[in-house]
Amino acid sequence: QNGSGRKKRGKPNILITGTPGTGKTTTASALSESTQFRHINIGDLVKEKNLHDGWDDQFDCYLINEDLVCDELEDLMEEGGNIVDYHGGDFFPERWFDRVVVLQTENSVLYDRLTKRGYTGQKLTNNIECEIFQVLLEEAKESYPEEIVVAVRSNTIDDINRNVATLTDWVRSWSCLP
Ligand code: DAT
């Protein structure tokens with residue numbers, strides 16, 4: 001147990017973050033399979049449980065209600081064993097996470113993925129810029145202790161497999177810690 005209360009859980013919680021299209025959902029669901037941890041896709045949760053304040057026309061997405069999301073997840077996070085998948089993380093309580101993984105993808109690769117997803121114009125440009133300026137990495141570093149934040153490459157399927165294997169090993173060793 002440390003000062004932040006992290007070690008009180010029997011199982012760790014992991015935040016997987018990164019620009020849209022970097023592979024969060026793909027990585028989180030594979031990791032959920034190998035660890036049997038719960039995969040919580042915040043975008044889906046917000047839609048299912050109406051944890052938003054309506055649709056934002058400018059940004060073409062739901063206006064997430066951060067307080068409602070945190071209230072919804074508090075009990076599960078206390079229990080541990082969660083993989084949270086979201087393109088942000090500065091509004092979650094710091095004590096929730098034991099590992100924060102920031103996925104990073106080369107611009108040209110990300111451009112193709114987002115185009116395939118139907119992103120165009122300003123939305124496409126905003127997301128590419130988000131990746132270029134490492135917005136999610138900076139946000140993670142500001143919101144969580146340096147030692148729990150890791151940035152990993154996510155350009156290829158091999159990258160995903162390696163990231164999942166590394167995280168699965170980390171989960172195993174965490175659970176064996178005194
Ligand atoms: P995110 O959840 O970050 O928005 P995703 O997991 O939905 O991303 O992936 C978006 C698309 O890109 C999907 O078709 C899978 C593909 N993809 C993601 N990461 C990849 C990787 N490292 N290698 C190959 N394809 C990847």
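So, the largest cavity: it holds about 40 Å³ of space. This is a predicted model, please keep that in mind. The search over the whole structure turned up 2 cavities of 30 Å³ or more, and I'd like to walk you through both, then the largest pocket.

Who lines the largest cavity? The residues are Gly18, Thr19, Val102, Leu103, Gln104, Cys130, Glu131, Gln134, Val135, Leu136 and Leu137. The elements that give two or more residues to that lining are β6 (99–104), α5 (121–132) and α6 (135–143). By class, the lining divides into 6 nonpolar, 4 polar and 1 charged.

Now let's stay with α5 for a moment. This helix has 12 residues and reaches 17 Å from its first C-alpha to its last, close to the 16 Å expected at 1.5 Å a residue. Which of its residues are buried? They are Leu124, Asn127, Ile128, Cys130 and Glu131. Around the axis they cover an arc of only 155°, so they sit on the same side of α5. As for what covers them, the list includes β6, α4 (107–116) and α6. Two of these buried residues, Cys130 and Glu131, are also among the lining of the largest cavity. And just after α5 comes Gln134, with a positive phi of about 50°; Gln134 is another one of the cavity-lining residues.

On to the second largest cavity, with about 30 Å³ of space. Its lining is made of Leu15, Thr17, Gly88, Gly89, Asp90, Leu136, Glu139, Ala140, Ser143 and Tyr144. Here β1 (13–17) and α6 are the elements that give two or more residues, and α6 provides the largest share, 4 residues. The classes come out as 4 nonpolar, 4 polar and 2 charged. If you have the structure open, have a look at Leu136, which appears in the linings of both the largest cavity and the second largest.

Finally, the largest pocket. About 1,400 Å³ of space lies in it, and 44 residues line it, with Pro20, Cys61, Tyr86, His87 and Tyr119 nearest its centre. Elements giving two or more residues are α1 (24–35), α2 (42–48), β3 (52–56), β4 (61–64), α5, α6 and α7 (157–176). Which element gives the largest share of the lining? That is α5 again, with 5 residues. The lining has 16 nonpolar, 16 polar and 12 charged residues.

So, one helix to take home: α5 gives two or more residues to the lining of the largest cavity and the largest share to the lining of the largest pocket. Thanks, everyone!

Definitions and conventions
Residues are numbered from 1 along each chain as its sequence is written. This is a predicted model: local features need pLDDT of at least 70, side-chain atom pairs count only at pLDDT 80 or more; totals for chains, interfaces and linings use all residues. Side-chain values use heavy atoms; hydrogens and water are left out. On a 1 Å grid over the protein atoms alone, a cavity is a set of points where a 1.4 Å probe fits but cannot get out, and a pocket is an open set with protein on both sides within 12 Å along at least five of seven lines; lining residues have an atom within 4 Å of a point. Grid points are joined across faces, edges and corners, and a volume is the space filled by probe spheres set on the points. Ala, Val, Leu, Ile, Met, Phe, Trp, Tyr, Cys and Pro count as nonpolar, Asp, Glu, Lys and Arg as charged, and the others, Gly among them, as polar. The expected span of a helix is 1.5 Å times one less than its number of residues. Buried means under 20% relative accessible area, exposed over 50%, partly exposed in between (1.4 Å probe, protein chains only). The arc is that of the directions from the helix axis to the C-beta atoms. Contact means heavy atoms within 4.5 Å.
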